[in-house]
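Please open the model in a viewer and keep a selection panel at hand. The tour below proceeds stop by stop, stating what to select and what is found there.

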Amino acid sequence: MAKPRLVLIGNGMAGVRTLEELLKIKPDHYDITVFGAEPHPNYNRILLSPVLAGEMHVSDIILNEYDWYRDNGITLHVGKQVERIDRVARKVIADDGSEAPYDRLLIATGSTPFMLPVPGNDLPGVIGYRDIKDTDEMIEAARLHRHAVVIGGGLLGLEAANGLKLRGMDVTVVHLGPWLLERQLDEIAGRMLQKSLEDKGLKFLLQKQTEMLVQGESGRVAAVRFKDGMQIPADLVVMAAGIRPNYALAEKSGIYCNRGIVVNDTMQTYDPKIYAVGECVSHRGIAYGLVAPLFEQAKVAANHLAGYGIGRYTGSVTSTKLKVTGIDLFSAGDFMGGAEGSEEIVLNDPYGGVYKKLVIKDNKLVGGVMYGDTADGPWYFQLLKDGRDIHDIRDSLIFGQALVGDVGHAGNSKAAEMADSAEVCGCNGVTKGTIVKAIKEQGLFTLDEVKKHTKAASSCGSCAGLVEQILASTIGGAYSPAKGDSKPLCACTEHSHKAVREAIVARHLTTKEAVFAKLDWSTPNGCDKCRPAINYYLISSFPNESRDDPQSRLINERSHANIQKDGTYSVVPRMWGGLTTPAELRAIADAAEKYQVPTVKVTGGQRIDLLGVKKEDLPGIWADLNAAGMVSGHAYGKSIRTVKTCVGAEHCRFGTQLAMDMGVKLEKMLFDMYAPHKVKLAVSGCPRNCAEAGIKDVGVIGVDSGYELYVGGNGGIKTEVAQFLCKVKSDEEVMEYAGAFLQLYREEGWYLERTCHWLGRVGLDYVKGRILEDEEGRRALHGRLLDSLKNARDPWQTSREGEALKQFVPIAVDA
Amino acid sequence: MSQWKKICELGDIPPLGSRIVRPQGGEQRGGDIAIFRTADDQVFALHDKCPHKGGPLSQGLVHGRRVTCPLHGWNIGLDDGRAVAPDVGHCTSFAVKVEDGAVYLAV
Ligand code: SRM
Ligand SMILES: Cc1cc2nc3c(=O)[nH]c(=O)nc-3n(C[C@H](O)[C@H](O)[C@H](O)COP(=O)(O)OP(=O)(O)OC[C@H]3O[C@@H](n4cnc5c(N)ncnc54)[C@H](O)[C@@H]3O)c2cc1C
Ligand code: SF4
Ligand code: FES
């Protein structure tokens with residue numbers, strides 16, 4: 001059967017991105033033909049600014065080489081403009097007469113520069129700034145002429161002016177508005193920007209209205225005259241006064257347009273066979289002029305073209321950054337403020353050249369402008385997109401992420417100021433220079449793409465924030481972090497952790513196969529990211545119904561030991577509450593000798609690690625330890641790890657509560673508990689806190705009148721101090737409150753989210769509501785925890801039985 | 001010349017899982033071989049050494065026609081032993097066949 005045919009009009013950023021997304025989720029579905037009016041393959045239009053500024057070459061900014069089209073079986077017509085869409089015969093006709101029939105059509109014709117309707121706007125030397133041709137013309141003009149006038153003090157105008165100045169021209173920016181970038185900046189930031197651009201040698205004429213462009217003797221433009229009679233010389237006039245969606249072709253073909261091609265939330269036009277994306281589109285009355293929202297549109301359009309029919313585009317909040325080297329500026333959302341009920345926090349340091357304004361409404365960040373120090377721009381933008389309640393961090397919000405100590409991994413140094421040789425990712429030894437180079441040369445737009453290509457942030461992840469900042473400062477407004485709760489779980493799906501978790505519960509899915517089928521997974525059996533997550537969601541949602549799938553667990557959990565760099569394993573027997581006996585120590589010593597364990601070490605979790613055990617020896621060493629009454633310490637799992645204790649009132653002269661006893665009881669209650677990530681507890685006998693309860697997922701501190709409970713601490717990649725939850729009187733209450741807290745986390749946390757990250761997402765108030773204010777709910781949560789652990793068995797024991805044993809036994813062949 | 005050797009029953013390898021085959025004479029013969037079984041009961045064999053830093057691929061997670069190395073997460077194609085882009089590298093693959101529910105390896 002012949003494949004359906006897909007034709008794309010417009011070989012630009014949004015259209016080709018849609019094809020890429022489509023090929024990713026459904027390769028080989030269509031016969032694809034592309035028409036592009038420009039004589040080039042798809043390139044990164046954004047980077048025309050650095051090309052003009054002499055920082056890059058045209059060859060550096062190609063996104064899809066001709067090979068890409070060929071390798072994907074795409075028929076490409078470059079330098080051909082489509083003149084007509086015949087919707088009845090379903091074909092498109094180009095200016096050279098070539099035709100292409102379609103079953104689905106995608107229109108992505110972008111936009112065109114707005115040319116001021118003044119006399120002389122068609123003279124030689126008067127151009128817009130849109131494509132490679134315009135850029136070449138500007139570079140050529142800079143070689144031959146002296147005076148340039150840029151009309152329009154917006155992002156595009158300033159980038160053009162900066163580039164021309166760097167190429168040696170005398171540049172004046174003419175702007176109608178009261179200050180520069182009035183659509184992106186408030187007045188104070190606008191004036192600061194003007195000052196630094198003047199320091200670079202640019203001239204500005206504000207609130208000037210152009211009357212006409214005057215022709216010189218050569219026939220070329222020679223001057224610009226204003227309404228007030230003033231006239232300045234100009235051998236080159238760049239119109240950067242705005243863009244107009246390019247929808248003439250669509251309109252002429254009878255597709256409904258209203259200041260753009262009108263599309264619904266699936267990017268479909270009024271003709272159901274025709275989709276449209278990019279700057280030519282009007283979605284809910286908005287035409288976007290930045291890449292990030294267009295890429296979101298591309299993703300949705302691809303999904304519908306693939307026939308999956310799930311994504312919806314509901315509009316975007318955009319942020320902008322000026323790509324002028326040495327100038328740091330960022331704005332996002334509603335930054336003007338002044339609306340009813342909104343408040344502003346302003347930091348203004350004219351001497352230090354720093355200005356920040358944040359606009360807050362209903363305890364949420366709704367907009368911000370930053371000038372001079374934009375390191376926290378991406379972080380603010382993420383808070384804004386996620387609609388996170390910020391009242392708890394409001395006091396220090398304006399000072400940025402480093403001071404707030406927010407959830408997630410901060411990148412504390414200022415990306416833009418870092419030297420190229422500075423190491424960004426300590427795990428994989430990746431420098432800033434390497435990352436910037438990959439972003440530019442490979443045309444990367446998302447954190448995931450950077451991770452894949454450079455390995456930065458792909459191990460411990462602590463530098464992810466910094467990598468995002470580098471991404472933002474390299475590609476400007478094209479950067480857009482996904483909304484936290486809508487990030488796809490992995491490349492196999494469009495669905496987020498939130499969506500998958502909710503679907504499993506709501507639709508009562510109990511096997512991974514059901515999840516893959518019902519949620520339209522694009523791979524037959526997932527990958528190493530989604531399978532473990534889904535397995536966890538299944539067994540935590542339906543503990544008595546779903547069966548654990550060993551093949552969906554990563555090796556440590558499958559073999560109940562930690563794999564080492566040389567392929568051997570480590571064995572950590574549980575020592576309840578950090579307590580042991582001479583008999584246990586003797587058994588450990590015997591086992592270590594019998595199996596020739598090379599290293600015996602005391603861990604940071606108050607127990608003993610036997611490192612360097614061969615896989616085939618695991619069942620044997622476990623059997624010996626089991627025989628001495630010891631069980632798995634789960635030092636390997638997204639599971640209960642340790643409950644550290646101090647000596648407590650049992651021995652200590654300051655102890656107020658029996659810390660060891662409490663710790664052992666908690667650890668026994670939680671034995672074999674799996675969770676979204678690992679879980680660690682500690683119990684200290686008094687506020688001197690020798691068990692370090694302040695950095696544990698649940699920390700318990702004995703006081704004279706009972707116990708204080710702390711939650712959400714983390715001593716790992718980024719230290720988080722646990723937050724005070726409540727005070728309780730008895731041991732039973734400690735078990736109930738801690739158990740209920742952990743069960744809530746188990747039921748609602750996303751896979752690989754530690755308690756501190758989960759808490760940062762849902763807020764302590766929510767948790768208090770569920771645990772402290774809802775007594776019945778708390779008991780029920782605790783009850784569900786106990787229910788799901790009622791059949792807990794030692795995995796070392798069960799792994800030595802039946803089928804499970806096979807993985808440890810190599811098959812011998814004589815060869 | 002290599003010859004087919006029966007190594008185990010198909011049922012001895014879990015679907016989406018793997019087993020280690022250890023040729024007698026061990027290291028001199030190149031070390032362990034990992035055999036994998038996909039969801040649709042295809043069987044593949046690779047040298048049990050990741051092209052990145054030698055991680056034991058038999059301990060990885062199998063999905064589609066790939067295995068993800070347990071050490072640093074490279075993806076290796078089961079049929080050709082090649083690392084999936086953007087990573088570069090490749091490990092030796094061996095011929096295997098399944099007949100009447102038994103798995104044979106060319107050694
Ligand atoms: C053995 C031990 C180090 C030691 O010799 O003391 C250890 C060893 C590993 N830790 Fe740890 N951690 C050990 C205590 C800790 C502690 C201290 C503690 O538990 O009191 C921390 C900080 C506390 C915390 O988690 O909040 C700690 C924070 C981490 C992290 C960062 C977690 C985070 O949320 O930021 C990782 C990475 C991860 O889990 O993704 C990690 C990961 C690892 C892994 C599993 C890395 C890996 O994936 O292979 C290491 C395995 C080594 C091996 O080859 O066996 N380890 N690790 C400790 C075992 C404790 C135990 O008895 O179970
Ligand atoms: C100098 C410059 C700097 C920029 N900087 C940034 C930035 O920092 N951040 C940011 O987010 N955005 C920036 N932008 C905007 C960004 O480039 C655009 O938003 C984006 O390119 C729009 O994508 P598109 O696919 O809708 O249109 P385009 O990329 O313009 O693609 C449309 C293509 O369709 C072709 N075409 C039109 N009509 C036809 C026809 N009838 N037949 C065949 N082909 C046709 C056009 O020739 C064009 O190649 C910048 C733009 C410029 C010009
Ligand atoms: S044990 Fe922990 S801190 Fe030490 S190298 Fe391994 S992961 Fe890093
Ligand atoms: S050894 Fe396999 S990914 Fe590093």
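A residue counts as buried under 20% relative accessible area, as exposed over 50%, and as partly exposed in between. The model is predicted, and the terms above will be applied to several side chains along the way.

**Stop 1: the open sheet**

Begin by selecting the 5 strands of chain A that form an open sheet in the order 3-2-1-7-19, with parallel pairing. At its edges lie strand 3 (75-78) and strand 19 (274-276) of chain A, each of which pairs on one side only. On average, neighbouring strands of this sheet are turned by 15° against each other, direction ignored.

Next, display strand 7 (residues 104-107) of chain A together with strand 19 of chain A; the two run parallel and are joined by 3 bridges. Which residue stands opposite A:Leu106 in strand 19 of chain A? Labelling the strand shows A:Tyr275 in that position.

Now add helix 1 (residues 13-25) of chain A, which lies across strand 1 (5-9), strand 2 (31-36) and strand 7 of chain A. Relative to strand 1 of chain A, helix 1 of chain A runs at about 150°.

**Stop 2: salt bridges**

Over all chains, the count comes to 53 salt bridges. Select A:Glu38 and A:Arg45, which form one of them, with the closest N and O atoms 3.0 Å apart. A:Glu38 is partly exposed at a relative accessible area of 21%, whereas A:Arg45 counts as buried at 18%.

Move on to helix 3 (residues 66-71) of chain A, where A:Arg70 and A:Asp67 lie 3 residues apart, about one turn of the helix. Their side chains meet in a salt bridge of 3.0 Å, N to O. A:Arg70 is exposed, with a relative accessible area of 57%; A:Asp67 is partly exposed, at 40%.

The next pair to select is A:Glu753 and A:Arg761, whose side chains meet in a salt bridge of 2.8 Å, N to O. Is A:Glu753 buried or exposed? Its relative accessibility is 10%, so A:Glu753 counts as buried. A:Arg761 has a relative accessible area of 32% and is therefore partly exposed. Elsewhere, A:Arg17, A:Glu21, A:Lys24 and A:Glu449 may be selected together, as salt bridges that share partners join these residues into one network.

**Stop 3: helix 22 and helix 23**

Keep A:Arg761 in view and show helix 22 (residues 731-748) of chain A with helix 23 (residues 755-762) of chain A. The axes of these two helices come within 11 Å and cross at roughly 80°, so helix 22 and helix 23 of chain A are roughly perpendicular to each other. From helix 22 of chain A, select A:Phe741, A:Leu744, A:Tyr745 and A:Glu748; they meet A:Thr755, A:Trp758, A:Leu759 and A:Arg761 in helix 23 of chain A. By class, this contact has 5 nonpolar, 1 polar and 2 charged residues.

**Stop 4: helix 22 and helix 25**

Finally, retain helix 22 of chain A and add helix 25 (residues 775-788) of chain A; their axes come within 8 Å and cross at roughly 75°. Helix 22 of chain A is therefore roughly perpendicular to helix 25 of chain A. Residues of helix 22 of chain A in this contact include A:Met735, A:Tyr737, A:Leu744 and A:Arg746. Among their counterparts in helix 25 of chain A are A:Arg778, A:Leu781, A:His782 and A:Leu785. The residues of the contact of helix 22 with helix 25 of chain A divide into 6 nonpolar, 4 polar and 6 charged.

Methods:
Residues numbered from 1 in each chain as written. Chains lettered and ligands numbered in written order. Predicted model: local features only at pLDDT ≥ 70, side-chain atom pairs only at ≥ 80, totals over all residues. Heavy atoms only, no water. Pairing = 2+ DSSP bridges. Helix = DSSP H or I, 4+ residues; strand = E, 2+ residues; numbered from the N terminus. Axes fitted to C-alpha atoms, helices over the stretch in contact; angles between N-to-C directions. Contact = heavy atoms within 4.5 Å. Parallel < 35°, antiparallel > 145°, perpendicular 65-115°, else oblique. Nonpolar A, V, L, I, M, F, W, Y, C, P; charged D, E, K, R; others polar. Salt bridge = Lys/Arg side-chain N within 4 Å of Asp/Glu carboxyl O. Buried < 20%, exposed > 50% of the residue type's maximum accessible area, 1.4 Å probe, protein only.
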